[in-house]
Each structure stands twice: as structure tokens, then as C-alpha cells.
Amino acid sequence: MRRREFITLLGGALTSRPFPANAQPASRMRTVGVLMGLADDAEARGRARAFEQGLEREGWSLGQNLRIEYRYA
């Protein structure tokens, strides 16, 4: 076997070999839209906080697997 044939064989073997990928685990970020009737006042903030606490009790974490978008009418 000649040197040129050996290098071709070696190069072909290395390029056809699969390389492991170090990907991050696929975690979906869910988005919840909240439409509130009143502007951002103390009562609306209290309701929003209670809503967020209820979601946290059910296992949802803001910023990790849940995003909340508030809109006011």
C-alpha cells in the first residue's frame, strides 16, 4: 500500500465517523398571555402575583419553563 492510498483511506475513515454532539436538553418555554381590563394598579398587581404563585405551586417556574406576557385593555 502506498502512502497516498493510505492517507486517502485514513482521511475517508475519519470523515465518515460520527462525532458526538453536546446539545442542551430540549426544554420548551411556554408562553401564557394575560389580558387584564384595568391599567397597572395595586389590585391588578395583586391578582398577577396570586396568578404567578398559583402557577409556581403547580410546578411552573418563571424564566425556566414559563413566560408570562401581560397586556392591559
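Modeller: In this predicted model, the chain has two helices and two strands, and reading along the sequence gives the pattern α-β-α-β.

Biologist: Why does Glu 52 count as buried?

Modeller: The relative accessibility of Glu 52 is 16%, and buried means under 20%, so Glu 52 falls on the buried side of that cut-off. Its place is in helix 2.

Biologist: What makes the pairing of Glu 52 with Arg 49 a polar contact?

Modeller: The two side chains come to 3.1 Å, and a polar contact requires a pair of N or O atoms within 3.5 Å, so the pair meets that limit. Leaving aside neighbours within four places in sequence, Glu 52 is also in contact with Leu 62, Ile 68 and Tyr 70.

Biologist: Which residues form the largest nonpolar core, and what makes them a core?

Modeller: The six residues are Val 34, Met 36, Ala 44, Leu 55, Leu 66 and Ile 68; they are called a core because they are buried residues of the nonpolar kinds, joined through side-chain atoms within 4.5 Å. Strand 1 (30-36), helix 2 (42-57) and strand 2 (66-72) each give two or more residues to this core.

Biologist: Which residues does Val 34 touch, not counting those up to four places away in sequence?

Modeller: Val 34 touches Phe 51, Ile 68, Glu 69, Tyr 70 and Arg 71 on that count.

Biologist: How much of the chain counts as buried?

Modeller: Of its 73 residues, 12% count as buried, while the accessible surface of the chain comes to about 6700 Å², with 54% of that belonging to carbon and sulfur atoms.

Methods: Residues are numbered from 1 along each chain as its sequence is written. This is a predicted model: local features need pLDDT of at least 70, side-chain atom pairs count only at pLDDT 80 or more; totals for chains, interfaces and linings use all residues. Side-chain values use heavy atoms; hydrogens and water are left out. Buried means under 20% relative accessible area, exposed over 50%, partly exposed in between (1.4 Å probe, protein chains only). Helices (H or I, at least four residues) and strands (E, at least two) are DSSP runs, numbered from the N terminus. Contact means heavy atoms within 4.5 Å. A polar contact is a pair of N or O atoms within 3.5 Å; within protein, one must be able to donate a hydrogen and the other to accept it, and residues adjacent in sequence count only if both atoms are side-chain atoms. Accessible areas come from the Shrake-Rupley method with a 1.4 Å probe; for residues, only the protein chains shown count as cover.
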